[in-house]
Amino acid sequence: MSEPEISLTENAARRVAAIAARKHKPAILRLAVDGGGCAGFTYSFELADAPEADDAVAETSGVRLVVDPASLELVKGSAVDFVEELGGAAFRVTNPNAQSGCGCGSSFSV
């Protein structure tokens, strides 16, 4: 298996595992990139039942992060983290491909 093209931090893996256990679902987080948002593209996250055949898969502490091929082109080399700040808690993508982002951290342009 080749080097992962995307990664999931330990903190994010713990959070996904907790959410998945509460919802009685597998600990699989799907990251997708959709058109829209204030900067052109937006990240979306959801629990997945299983990876698709062509998904890129990264695993941390038994938790899997899956990304479809089209989204992967926009997030290759990224890390998904879970951060808790005064303004709230959220999954955050550190994306080396993003040219710019927005204040909310969920929208970017390439």
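A residue counts as buried when its relative accessible area is under 20%. Keep that cut-off in mind during this tour of a predicted model.

**The whole chain**

Start with everything shown as a cartoon. Two helices and nine strands make up the secondary structure. Following the chain from the N terminus, you meet them in the order β-α-β-β-β-β-α-β-β-β-β. The protein has 110 residues, and 35% of them count as buried. Now consider contacts between residues at least 6 apart in sequence: 52% of these join residues at least 24 apart.

**Arginine 30**

Select arginine 30, which lies in strand S2, residues 28–35. Is arginine 30 buried or exposed? Its relative accessible area is 12%, and the cut-off is 20%, so arginine 30 is buried. Next, show what surrounds this residue. Setting aside neighbours within four places in sequence, its contacts include Ser44, Phe45, Glu46, Val66, Val67 and Asp68. Add aspartate 68 to the selection: this residue is 38 residues from arginine 30 along the chain, and the two C-alpha atoms are separated by 8.4 Å.

**Helix H1**

Move to helix H1, residues 10–23. This helix lies across S1, S6 and S7 and runs at about 80 degrees to S6. You can check its length with the distance tool. At 1.5 Å a residue, the 14 residues of H1 should span 20 Å, and the C-alpha atoms at its ends are indeed 20 Å apart.

Colour Ala12, Ala13, Val16, Ile19 and Ala20, the buried residues of H1. Turn the view until you look down the helix axis. The buried residues of H1 fall within an arc of 130 degrees, so they line one face of the helix. The background is that an α-helix has 3.6 residues a turn, so residues three or four places apart point the same way. Then select Arg14, Ala21 and Arg22: these exposed residues sit on the face of H1 turned away from its buried side.

Step past the end of H1 to histidine 24, which follows the helix and lies in the loop between H1 and S2. Its phi is near 55 degrees, a positive value in a residue other than glycine. Histidine 24 is exposed, with a relative accessible area of 76%.

**The open sheet**

Select S1, S6 and S7. These three strands form an open sheet in the order S1-S6-S7, with mixed pairing. Strand S1 (7–8) and strand S7 (88–94) stand at the edges with a single partner strand each, so one side of each has no neighbour in the sheet. Strand S6, residues 79–85, pairs with S7 in the antiparallel sense over seven bridges. To see one of these, select glutamate 84 and its bridge partner in S7, alanine 89.

**The phenylalanine rings**

Show the side chains of Phe45, Phe82 and Phe91, which ring pairs link into a cluster. How many aromatic pairs does the structure hold? There are two. Phenylalanine 45 and phenylalanine 91 form a tilted pair, 5.4 Å centre to centre with 35 degrees between the planes. Phenylalanine 45 lies in strand S3 (residues 41–47) and phenylalanine 91 in strand S7, so this pair ties together parts that are 46 residues apart in sequence. The pair of phenylalanine 82 and phenylalanine 91 is edge-to-face, 5.1 Å centre to centre with 65 degrees between the planes. Both phenylalanine 82 and phenylalanine 91 are buried, whereas phenylalanine 45 is partly exposed, with a relative accessible area of 29%.

**The S4–S5 hairpin**

Finish with strand S4, residues 56–60, and show its side chains. Which of them point to the buried face? Ala56, Ala58 and Thr60 do, while Val57 and Glu59 point to the other face and are not buried. In a regular strand the side chains alternate between the two faces of the sheet.

Add strand S5, residues 63–67, which runs antiparallel to S4 and is joined to S4 by five bridges. Glutamate 59 has arginine 64 in S5 as its bridge partner. S4 and S5 form a hairpin with two residues between them. Last, select serine 61 in the loop between S4 and S5. Its phi is near 50 degrees, a positive value in a residue other than glycine. At 56% relative accessibility, serine 61 counts as exposed.

Terms used: Residues are numbered from 1 along each chain as its sequence is written. This is a predicted model: local features need pLDDT of at least 70, side-chain atom pairs count only at pLDDT 80 or more; totals for chains, interfaces and linings use all residues. Side-chain values use heavy atoms; hydrogens and water are left out. Buried means under 20% relative accessible area, exposed over 50%, partly exposed in between (1.4 Å probe, protein chains only). Helices (H or I, at least four residues) and strands (E, at least two) are DSSP runs, numbered from the N terminus. Two strands pair if DSSP finds at least two bridges between them. Contact means heavy atoms within 4.5 Å. Axes are lines fitted to C-alpha atoms, for helices over the stretch in contact, and angles run from 0 to 180 degrees between N-to-C directions. Rings of Phe, Tyr and Trp (its six-membered ring) pair if their centres lie within 6.5 Å; planes under 30 degrees apart count as stacked, over 60 as edge-to-face and the rest as tilted. The expected span of a helix is 1.5 Å times one less than its number of residues. The arc is that of the directions from the helix axis to the C-beta atoms.
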